[in-house]
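Student: I am new to this structure. Could you take me closely through one part, the open sheet, and what lies around it?

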Amino acid sequence: MFKITNYDFKNSVYGSEGYLDNWPMLYILENGKKAYIGESNHVKTRMAQHVANKEKRIFDKVHFIYSKVFNQSVTFDYDSKLIQYIVASELFQVTNKNSGIADKQYYKKKEYDEKFEILWKKLQKEKLVKHSLEEIENSDLFKYSPYKELNDSQRKAVEDILIKIKDGTVDRVVVNGMPGSGKTIVAVYLMKYLADSEEYGGKQIGFVVPQISLRKTMKQIFKSIYGLSPSQVLSPSDVTRKHYDILFVDEVHRLHQYKNISYMGSFKKNCEKLGLTTEADELDWILQQSGCTVLFYDSAQVVGPSGIDFERFDKKMEEFSNNRALAYFTLGTQMRVKGGNDYIDFVQDMLSGNCTHKYDSNYYDFKLYTDFSKFEKDMYEKESEYGLSKMLAGYAWPWISKKNHTIKDIEIQGVKRMWNHCTEGWVHTEQAIDEVGCIHSIQGYDLNYAFVVLGKDIGWDKEANKVIVRKDNYFDTNGKKTTEYVELLEYIKNVYYVLMTRGIKGTYLYVCDDDLREYWSNYIEEL
């Protein structure tokens, strides 16, 4: 079905087959370290153009990919796919720009999507790629790649934001979006686009990531992407050291105030450095240190009193808009969870105690367990079959294993498990499958299947018919210190909202509170 031929690009030595002159084809230019992927109806003519291009003279080999079933719609699509997957395969550093990559429909696309796997396996045999498609799709480099095919909502946001940045009409851009709507993807896409743009070559552009765990992951990704650098991935504290022309800020809701944090000393010094008091927060640092700031925000993911809640965020934006230009965008399409926006809405109804119907989907697994041993067993099976299947929980057990790794923190129905041994990159550690991840180790990451334990920090009041929380059963000290009941209710519900929106293919629940489990069993299939 696919024929791959290899030629000497440096000396312009190619074959004499007729399809090289007039047939839609794909090609890969490479030199053992870097690669460029393209498509053309006239590959010989295209090679002559590349040879004349100084940037392409670094390559010495070309691999032509031919199929009698190719048409131009297919080669356009496969070109985008090859770029995305070869970037994440990590054999080559891909030099393509990311403009124009989009998810486009065409005749018999589903059939060609299936045939792409055959092409990939042939590329593996030719040693042009390393990993299988399944391995790549489970990697962070693939999920956060700036070469992702954008959906309509994301593409429109990217185009409009770039217009605002280029014409200088706004100083601040706010991008709202639910979990899985692609906020981080859009941010990384824009970083790569500007890195490839000559007019921004001398600009100071940074990408702020509040969470330590995700920041480490993003540094590794930026290291693998041509034109980007790990030094562009910043902590909020890094921002205080110099002024930036443009800052993209991921997970703004995870920025901190001078409240319930463990680093008050350094926080105060950073404020003083910028001429601010501790009434300021990390968002103030960023706004002061950037000419243009793009803020990615979701108020429903604020999980503690130190975060930037909606009231605080909205007030800052309102104050700012009085004298400078501000623009808002919303990413409205669910990209992570196969259950789509319907599932997200259902989770919100569950946590609000407003369920009206039983959950039913042909695209997403959502089940409620009563047997914890089976819950654990099924997680191991999903991990074995699909990978990226982990157990998560609300902070309803103290972290006693922090100082003694021989102790188990959590015991349910006689089964004992330990909290995550680390937060940085926990998802991809060998130990993760035998541990339980907390909100601080998982927020910002995807799983194939999420096995979520709801502890006794959350429950159901039968008499009042509402969801309740129990402060005495919530052990995130910084998460509950200084909070009133109404605030804590919101934070704990937000924690479970985040945990229950990690799973791409499915989410499975074990509920410790009997009354809450009984209530939810009316609306979720029980195992």
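Tutor: What follows starts with the sheet and works outward to the helices and the cores. Keep in mind that this is a predicted model.

Start with the strands. The sheet is open and has six of them, paired in parallel. Read across, the order is β8-β7-β9-β10-β6-β11. Two strands sit at the edges, each pairing on one side only. These are β8, residues 233-234, and β11, residues 326-331.

Now look at one pair inside that order. Strand β9 covers residues 244-249, and strand β10 covers residues 290-297. The two run parallel and are joined by five bridges. To find your place, use I246: C292 in β10 stands opposite.

Next, add the helices. Helix α6, residues 152-167, lies across β6, β9, β10 and β11. Its direction makes an angle of about 165 degrees with β11. Helix α7, residues 183-196, also lies across several strands: β6, β7, β9, β10 and β11. Against β7, α7 runs at about 165 degrees. For orientation, β6 is 172-177 and β7 is 205-208.

Then follow one residue, F248. In the largest nonpolar core, which has 138 residues, F248 and W520 have the most contacts. What does F248 touch, leaving aside residues up to four places away in sequence? The list is I165, L190, M191, L194, I205, G206, F207, V208, V294 and F296. There is also a second, separate core, with 19 residues. Among its members are Y244, L283, Y297 and F313.

Last, two more helices for comparison with the picture so far. Take α17, residues 485-499. With 15 residues at 1.5 Å each, α17 should span 21 Å; the end C-alpha atoms are 21 Å apart, so the two agree. Helix α17 is mostly covered, with 11 of its 15 residues buried. The buried ones include L488, Y491, K493, N494 and V498.

Helix α2 takes in residues 72-89, 18 in number. From first C-alpha to last it reaches 25 Å, close to the 26 Å expected. Helix α2 is mostly covered too: 15 of its 18 residues are buried. Check both ends. At the start, a side-chain oxygen of N71 comes to within 3.0 Å of the backbone nitrogen of S73. Just after the helix, E90 has a positive phi of about 70 degrees.

Methods. Residues are numbered from 1 along each chain as its sequence is written. This is a predicted model: local features need pLDDT of at least 70, side-chain atom pairs count only at pLDDT 80 or more; totals for chains, interfaces and linings use all residues. Side-chain values use heavy atoms; hydrogens and water are left out. Two strands pair if DSSP finds at least two bridges between them. Helices (H or I, at least four residues) and strands (E, at least two) are DSSP runs, numbered from the N terminus. Contact means heavy atoms within 4.5 Å. Axes are lines fitted to C-alpha atoms, for helices over the stretch in contact, and angles run from 0 to 180 degrees between N-to-C directions. A nonpolar core is a set of buried Ala, Val, Leu, Ile, Met, Phe, Trp, Tyr and Cys residues joined through side-chain atoms within 4.5 Å. Buried means under 20% relative accessible area, exposed over 50%, partly exposed in between (1.4 Å probe, protein chains only). The expected span of a helix is 1.5 Å times one less than its number of residues. A polar contact is a pair of N or O atoms within 3.5 Å; within protein, one must be able to donate a hydrogen and the other to accept it, and residues adjacent in sequence count only if both atoms are side-chain atoms.
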